[in-house]
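Colleague: I'd like a close look at a single part of this one, please. Pick a residue inside the fold, tell me what sits around it, and then work outwards to the charged pairs and the rest of the chain.

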Amino acid sequence: MTEKPHLMIVEARFYEDIADELVKGAITEIEKEGATYQRVSVPGCLEIPAAILYALRSMDFFTARKRFDGYVGLGCVIRGETTHYDIVCNESARGLQDLALRYALAIGNGVLTVENREQAWARASVTAKNKGGFAARACLDMIELKRQFRLYPR
């Protein structure tokens, strides 16, 4: 019998209400799979990739710590009046993709990039698009793909 995956949920808390809804969707999907998780909060979306890298690197020093099998990044970026929106959107996505490719990590990207709060809620709501659940499902599916390629340690 295969051990169930252990995931790290990294939630950007800049828009707390939206983050809470994204996490709700992710946890529901993870628990439906019978997997376990640990939540970590960061201030904003730019910090999500760094938190994942910290967890990954901590395994080099603390081998007794339970290893994460996958990562779910959750947050929201709402367009404002400056180009900061573009930087946060692009760099957070690039950071997650770089980690996935460099370290062969299973990462579900649940960072919403939207024009306004209405769009954010439509995507975050567990009764609508449920992007938190979608990101968790993507992570779990990538863990399964790693198993098929024998890249998964269990």
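Modeller: Let's take Val111. Leaving aside residues up to four places away in sequence, Val111 touches Cys45, Ile48, Gly73, Gly75, Val77, Ser92 and Leu96. This is a predicted model, by the way, so read every contact here as a computed one. Val111 belongs to strand S4, and its relative accessibility of 15% puts it in the buried class, because anything under 20% counts as buried. One of its partners, Ile48, is 63 residues away along the chain, yet the two C-alpha atoms are separated by 9.4 Å.

That sort of long-range contact shows up across the chain. Take the contacts with a separation of 6 or more: 79% of them link residues 24 or more positions apart. The order of elements along the sequence is β-α-β-α-β-α-β-α-α, which adds up to five helices and four strands.

Now for a charged residue with little exposure: Glu11, in strand S1, which covers residues 6-12. Its relative accessibility is 2%, so Glu11 counts as buried. If you skip residues up to four places away in sequence, Glu11 touches Val23, Arg39, Val40, Ser41, Val42 and Leu74. It also has a charged partner: the side chains of Glu11 and Arg13 form a salt bridge, 2.8 Å from N to O. Arg13 is buried as well as Glu11. As a reminder, side chains of opposite charge can pair when their charged atoms come close.

Which parts of the chain does a salt bridge between Arg137 and Glu29 tie together? The closest N and O atoms of that pair are 3.1 Å apart. Arg137 lies in helix H5 (residues 131-148) and Glu29 in helix H1 (residues 16-33), so the bridge connects parts 108 residues apart in sequence. The two ends differ in exposure class: Arg137 is partly exposed, with a relative accessible area of 25%, while Glu29 is at 12% and counts as buried.

There's another pair to look at, this one between loops. Glu115 and Arg79 meet through their side chains in a salt bridge, with 3.0 Å from N to O. Glu115 sits in the loop between strand S4 (107-114) and helix H4 (117-124), and Arg79 in the loop between strand S3 (70-78) and helix H3 (84-103), so this bridge ties together parts 36 residues apart in sequence. Both residues fall in the partly exposed class: Glu115 has 40% relative accessibility, and Arg79 has a relative accessible area of 35%.

Going back to the Arg137 and Glu29 pair, there is a wider network to trace on your screen. Through salt bridges that share partners, Glu29, Lys32, Glu33, Arg137 and Asp141 are joined into one network. For the structure as a whole, the search finds 13 salt bridges. The protein chain carries 21 positive and 20 negative charges, and their mean positions are 6 Å apart.

A couple of backbone spots deserve a click too. Most residues other than glycine have a negative phi. Ala104 has a positive phi, near 55 degrees. You'll find Ala104 in the loop between H3 and S4, where it is partly exposed at a relative accessible area of 38%. Asn130 is another non-glycine residue with a positive phi, about 50 degrees in its case, and it is found in the loop between H4 and H5.

Finally, zoom out to the whole chain. For 154 residues, a compact globule would have a radius of gyration near 15 Å, and the protein chain comes in at 15 Å, so the two agree. Along the principal axes, its C-alpha atoms fill a box of roughly 50 × 30 × 25 Å. Of the 154 residues, 46% count as buried, Val111 and Glu11 among them. As for the surface, the protein chain exposes about 8,500 Å², and 53% of that area is supplied by carbon and sulfur atoms.

Notes
Residues numbered from 1 in each chain as written. Predicted model: local features only at pLDDT ≥ 70, side-chain atom pairs only at ≥ 80, totals over all residues. Heavy atoms only, no water. Helix = DSSP H or I, 4+ residues; strand = E, 2+ residues; numbered from the N terminus. Rg over C-alpha atoms; globule rule 2.2 N^0.38 Å. Buried < 20%, exposed > 50% of the residue type's maximum accessible area, 1.4 Å probe, protein only. Contact = heavy atoms within 4.5 Å. Areas by Shrake-Rupley, 256 points an atom, 1.4 Å probe, with all protein chains shown as cover. Lys, Arg positive; Asp, Glu negative; His and termini not counted. Charge placed at Lys NZ, Arg CZ, Asp CG, Glu CD. Salt bridge = Lys/Arg side-chain N within 4 Å of Asp/Glu carboxyl O.
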